Every structure is written in structure tokens, then in C-alpha cells.
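Okay, everyone, thanks for coming. Let me put the structure up and we'll walk through a few spots together.

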Amino acid sequence: MRDVRSEPAIKALRAQIEQIEGRRRARSTLPFGIAELDSRLPGGGLAIGALHEVAGDGGCGAAATLFAAGIAARAKNKVLWCVSRADLFAPGLAQAGLASGRVMYVEAGDDKSVLACMEEGLRHGGLGAVVAEAARLSMTASRRLQLAAEASGATIAIVLRRGRRQAGAADFGAPTAAATRWRISALPSSPLPVPGIGRPRWRVELIRGRAGEGAEFELEACDAKGRLAVPSELVDRSDAPRARRGGASA
Amino acid sequence: MLAGREGNRRIVLAADGAAKTAGLRVGMPLAKAQILAPGLIVQNADAKADAKALDRLAVWTLQRYAPMVAADYPDGIVIESTGADHLHGGEAAMLAGLVGRLAASGFAAKAAVADTLGAAHALARYAARPTLIATLGHGTAILAPLPLEALRLPDALSSELYRLGFERIGDVLAQPRAPLTLRFGPELVRRIEQALGERAEPIEPIRPPDMIEARRAFAEPIAAAETIARAIAHLTSQLCKALELKGLGARRLDLLCRRIDNQAVAVRVGLAAPSHDARRITRLFCDKIETIDPGFGIEVMTLAATVAEPLAPKQTVSPLGEAAAADICDLVDTLANRVGERAIYRIAPVASDAPERSIRHIPALAPETGATWSPHWPRPARLFPRPERIETVALLPDHPPAVFTWRGVRRRVRRADGPERLFGEWWKREVELCAVRDYFRIEDESGARYWIFRSGDGEDAATGSQRWFLHGIFG
């Protein structure tokens, strides 16, 4: 299978579409620092000034939380975290690189006001990242957030989907206007030569990406600076890291 | 004890707890009181000073709690809490906080929330222990068992009613109103109607003399949202000029709209840092326009800076040096006025071993200290407010469980780290004198990582119940 991303005709077409969409300036991105992951994303990283959706595999989605925290940690400026219930543990987030001094928490009662607070934070434009925890995200709401994020141009918007267990990719819910959609699930940690738990590992699934393909990676969790890493035994393998080709592209 | 003059008699007006146990009652002649309690300390009541003190207290309440406050002489304060309670965490929290703060400064206060001023007045004085919240639309049932004095009747009238056998408010309510008016005059029915909300009773809000305010009266009453927004913009620019002249910045602003039916509607906004930026303040008020019910139209709008603080001019843009970090004050204000001041916060570390005590909320704009938690001990991303019981199979005393059941699902533990032993903080609480928790980080077959602990050291029953709990989840 040929890699469609390198086709010059496709590139020209893409530039044309972007021109029609009215995005003249090049959108900045926040790279993950992992070549395989960044090459899957348009612009070589997570788009700044766009909405991203992250879901966990279970009820609590702690891995998804830390994934979002790691992105927020690598963004500049302050971070706004909108929650509906307060069960985040700040010391845990600090260990993923998100220093407590940088985060402002807003406790809003329900999904609707959480998303309204998120929009307010995006419209302000001076924040590095806005994270909101919501169980549901409708097409309309996500489009509003996406537009607000685009208008700010400097803020990464992350909606952390919480709620009941999701069985598969099809169950993720209705389509939204988010630029990328991720699912993070915990994998057994890196093996240690002694009893104990090594560095946590995640299965990072890029379920949907605007102008990109879906992919799946096995990565090591955020370090103290919020960076992900490729597991060491995979780095040295002759075969390229396990990147599944051919997810839904949009 | 306080003594005062009523006509020619000197009577007891107020007595403290000790005097009351000695048998003193309010309204008793002073001579009798002095016989009952020799060595009684008698102070002359000073009604004027009392009224002044009550005014000061009303202003204090105005600045902290709600935009419409009036002193209700001689012994009460009326607060119109509509639209103000959610900023204090609801009615119950607001009342508890108010009474608690007053108690801390030496006032024994009682408070009640009800649909009407009359009902709240009655409940605060005759039913609150020390606070009471009547449910919305409480009707007459809650007032019926109260004594007649609760209706704010003149003494002569209530004693006349007593003589005729009326004791409770319910007794009077059961009577037809027209004969009551004929027999006792209009006062009784007026008070009844006020208590039931059938007759409007506007409160005249207190204004401290040095408060900066801007006022605008309209030739024609206004009601449309756009017109109100324009009027607000006009008022704020006027007010901000006045503030700037005095070198002040507003922290809390109240907008009072007097409607043509003589009712007042109030909106309050708060700012996290003093400001006299008209555009920002206008925006905060415009967010709230939908909460203003203009009724048949608004006649007069008054904008007041209830709390103002000195504001030094500051250079914000400099051609040298790097661009300053974006100012987030206005975002904090917008959000605080939307969800309440307490719902927006940052988290700061506390030096405590107990995980649930190692964090505290600080205001969103509090200066940054740079303090952080120890990075050596892994901490979960989510911590349950209450540890959840789990069923385990574990070797004692210091092994992690091999299997555990949480929320009805049985999980096999593959890997584990621990124990991390945390001791109770005996210097804080007596019961924690020998309490011990052994925390383990465990991973199940699917790779999910949990933070569990055993209450107790596994050997000594004094250290805890030896039960297992799940406290948090790692990513």
C-alpha cells in the first residue's frame, strides 16, 4: 500500500482545501516528540488552536487524564481545567509535568456549564490549554468549541470524555467537530528485572484525525515533563513500531 | 443588662445569659430586676448608638453578601438574597456562613430565608435554630404555628388579639379578613398580606455615604435587553471615571434597577482584582442581563461600587523586555461570576502525609509560591473523595493482595509496589495516635493501575481495622 501522504497531487489538493477554508497562516502545532506519532498528524504535531477529544477505556480514565495533562504540561502559559466533580489529584498531575501553580480549576455543576466555561476560557486567548471533562459532547457544542479555539489561535482545547465504559471504536459516540480523537488505555507496565511496577504504558489510539489517518501506538506514559516515549524494546526492532494502518480518515 | 425608659417606667430591655438564669425577663421593671439579682450591672440603652451599629453591620453585610440590604430597626437586617446566594454556595451555606461569622465577632444572630420579607422576619425571630430555610413557595403552613407577635404587630394590637383568644398566626389566618379590618384597623391585614406575599413590601437598600455610584433616570421606562445594555455601558463609563479620579478600583459592583411598580432588581458582580476598566465591567454586567426581570419597565438604574480598593497605576506595555504573560484577571472574573467565586481555584501543596490533606484550594489569582509535592512517591491521577472498600486475598503482614474485588469485578494482581507506610497525624487528631496505612501500587492483568491501602499495619489491631480500601487510580 502506498503512502498517500507523500503524493504531490494530494498535497496540492490539501493546500487548495485549506485556502478555501480560509486558513491562510500556517497553523502551529505542538509535537509529541515521537516521530511515528507526529508524522501521523497534519503539521507534525497536535494542532494548537483546535479541539481534541480524548477518551479513556474505563469509568475513570486516569490514563486519558494524564495524557491530557501531559499535553497541557508541554503547552505554554496557564491551563484551565473545567471539571464537574472534583476527583482530580493535583500531586498526580504534577508528576505528569503539570505544575500545580499553572492550573486553574473550575468546578461547574454539569456538562453544559463545564463546556460553557471551556468556551469562555478559549475565547480569552491567553491560556495555553483548556481541558474540560464532559460525558457528552454534541456536534453543535463541539463546533462552537472548535470555532472558539480557532479564533484564539494559541490555545489547545481538550475535551476529556468521561462516563461509562466504551466497548469499541464504534461506540465512541456521534461525530464531533474535533480535529483529533484519541483513546488511551492502560497496558501492563514496562517489565522490570525486579518485582514491582515499571514505567506505565498506554495504548494510544488515534481514532480519527482531520486530514490524517487513524493509527495505534504502544507508548510509555508521561514522564515528569509530560513527554511520552517509545518503549525501549520496540525502538531497536527492525520492523517499524506497531502502527496500524487504515483507520477511518476524515 | 440593658435598661431603658418606657413612658415613666424604667424597664429591662435586654439581659445576657447569666441575668436570664437569675430570673430576669425583658420588659420587667428595673426595680424588680435589681431585687432579683443584687449586684446587677445596669447599662443605659442608647437607641441611637444601636441604630448606628446596626447600620454599620448592614453595610458590612452589603459588602459581603448581597446587593440589597436594609437595616430593620431595632434588631434586624433584611437581605434580598435573590441572585446572590449561588455565589456563596447556596442558601444554607450562605446562612451558616453569615451566622458563623457574626458569632465569631461576638454577635448571636439568627437567620431565616423565606419567600417574603414578612415571613423571613417572623421565622428568623421565632423559628430559626439558629438558621432556617423555608422551601420555595412554602405558603401559609410554615407561619401558622408561630405566635402572633411574629406578624410585626404593635404591642397593643397583639395583646388585644390575645385577649380575644387568638394565639397563633394560624388562628388569625382562619378568620375572614374584612371583619378583622373593621375590628382592628388596616394594620393587621396589611401585615398578614405582607407575610403571605399578597402585598408588595419593597426594601429601601442602605447606601454608605462614601460609596461611589452612578445613577440614571429614564424619561421612559426601559425594558429591552439592548437598551439595558446601553444604559449599563453608559453607567459604567461614568462610574469608572469617578473611580479613576479617586485612584480606586472596584472589587464588587451592584446594579440596582428600580422598576415602575416600585420593586427593585439587583445584580452583583465581583472582580478578582480591583479595576476601573469600563469595558470589562460592562461585559460582566452584560453577561447577567438575562437575570434582570424588567417587569413593566425600569425607571432608575443605579450602579454602585460597593467595595472599592486603592489601585495604583501600572505600566502594562513596555517596548523593552519580553511580552508579559497574558492577563487572566478578566477570565477569572467572568468565570467567577458564572459559577461562583469558590468554584474557581488553584491547588497548593500542604505539608501532610495523608493524601487527602496534602492539597488545599487557593484563590485563582493568589501569588505563585512554586511549592510542590515530593516527586519521589508516585501519586494517582484520580483520588476518590472516600476510599472504597475492596475484598482481597492477601498475605499478612506486608504483602500486597493477590486478588481483589472492586465494584463487583474480581481482578488478579500481576505486579505491585509497596508498602508505603503512612502514619496518622497524632498532633492533629487524637484518634490518629497509632493509625497506620500501608499503601500499595498494584497493577492488574489488563494493565490498570490502582492505589490501594490497608488500614493498619497488618499485625496490631490498634493501628486500624486491617481492611483494604481502594483510594485512587493511576494512569
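So, to start: how many bridges join strand 3 of chain A to strand 7 of chain A, and do these strands run parallel or antiparallel? There are five bridges, and the two strands run parallel. Before I go on, keep in mind that this is a predicted model.

Let's stay with strand 7 of chain A, residues 156-161. On the strand 3 side, where strand 3 covers residues 51-56, you'll find A:H52 standing opposite A:I158. Strand 6 of chain A, residues 129-134, also pairs with strand 7, this time through six bridges and again parallel. If you want a pair to click on there, A:A129 has A:I156 as its bridge partner. And how does the chain get from strand 6 of chain A to strand 7 of chain A? It goes through helix 6 of chain A, residues 139-152, in a β-α-β crossover that is right-handed.

Now, buried or exposed: what are the residues of strand 7 of chain A? Six of the six are buried. Both faces are covered, with A:I156, A:I158 and A:L160 on one side, and A:A157, A:V159 and A:R161 on the other. Yes, that list of buried residues includes an arginine, A:R161.

Okay, on to where the chains meet. Chain A puts 41 residues into the contact, and chain B puts in 44. On the chain A side, helix 3 (62-74), helix 4 (90-94), strand 5 (103-107), helix 5 (111-124) and strand 8 (180-187) each supply at least two residues. By class, that side has 24 nonpolar, 13 polar and four charged residues. Strand pairing also goes across the chains here: strand 5 of chain A and strand 12 of chain B, residues 344-349, are joined antiparallel by two bridges. Look for A:Y105, whose bridge partner is B:Y345, so to speak a tyrosine facing a tyrosine.

Over in chain B, have a look at the helices. Helix 10 (residues 225-246) and helix 11 (residues 278-286) of chain B have axes that come within 9 Å and cross at roughly 145 degrees. The crossing is right-handed. From helix 10 of chain B, the contact uses B:A229, B:I232, B:A233, B:T236, B:S237 and B:C240; helix 11 of chain B answers with B:A278, B:I281, B:T282, B:F285 and B:C286. Sorted by class, that's eight nonpolar residues, three polar and no charged ones.

Further along chain B there's a closed barrel of six strands, going 14-15-16-17-18-19 with antiparallel pairing. Neighbouring strands in that sheet are turned by 45 degrees against each other on average, ignoring direction. As one example of the pairing, strands 16 and 17 of chain B share eight antiparallel bridges, and B:R421 has B:D438 as its bridge partner in strand 17.

Last stop, for the backbone people. Most residues other than glycine have a negative phi. Which value does B:R407 have, then? Its phi is positive, near 50 degrees. B:R407 is in the loop between strand 15 and strand 16 of chain B, and with 9 other C-beta atoms within 10 Å it is exposed. B:Q466 also has a positive phi, near 65 degrees. That residue lies in the loop between strand 18 and strand 19 of chain B, and with 17 C-beta neighbours inside 10 Å it counts as partly exposed.

That's my tour, thanks.

Note on methods. Residues numbered from 1 in each chain as written. Chains lettered and ligands numbered in written order. Predicted model: local features only at pLDDT ≥ 70, side-chain atom pairs only at ≥ 80, totals over all residues. Buried ≥ 20, exposed ≤ 12 C-beta atoms within 10 Å, placed from the backbone. Helix = DSSP H or I, 4+ residues; strand = E, 2+ residues; numbered from the N terminus. Pairing = 2+ DSSP bridges. Right-handed = clockwise from strand over helix to strand, strands pointing away. Contact = placed C-beta atoms within 7 Å. Nonpolar A, V, L, I, M, F, W, Y, C, P; charged D, E, K, R; others polar. Axes fitted to C-alpha atoms, helices over the stretch in contact; angles between N-to-C directions. Left-handed = near helix turned anticlockwise from the far one by under 90°.
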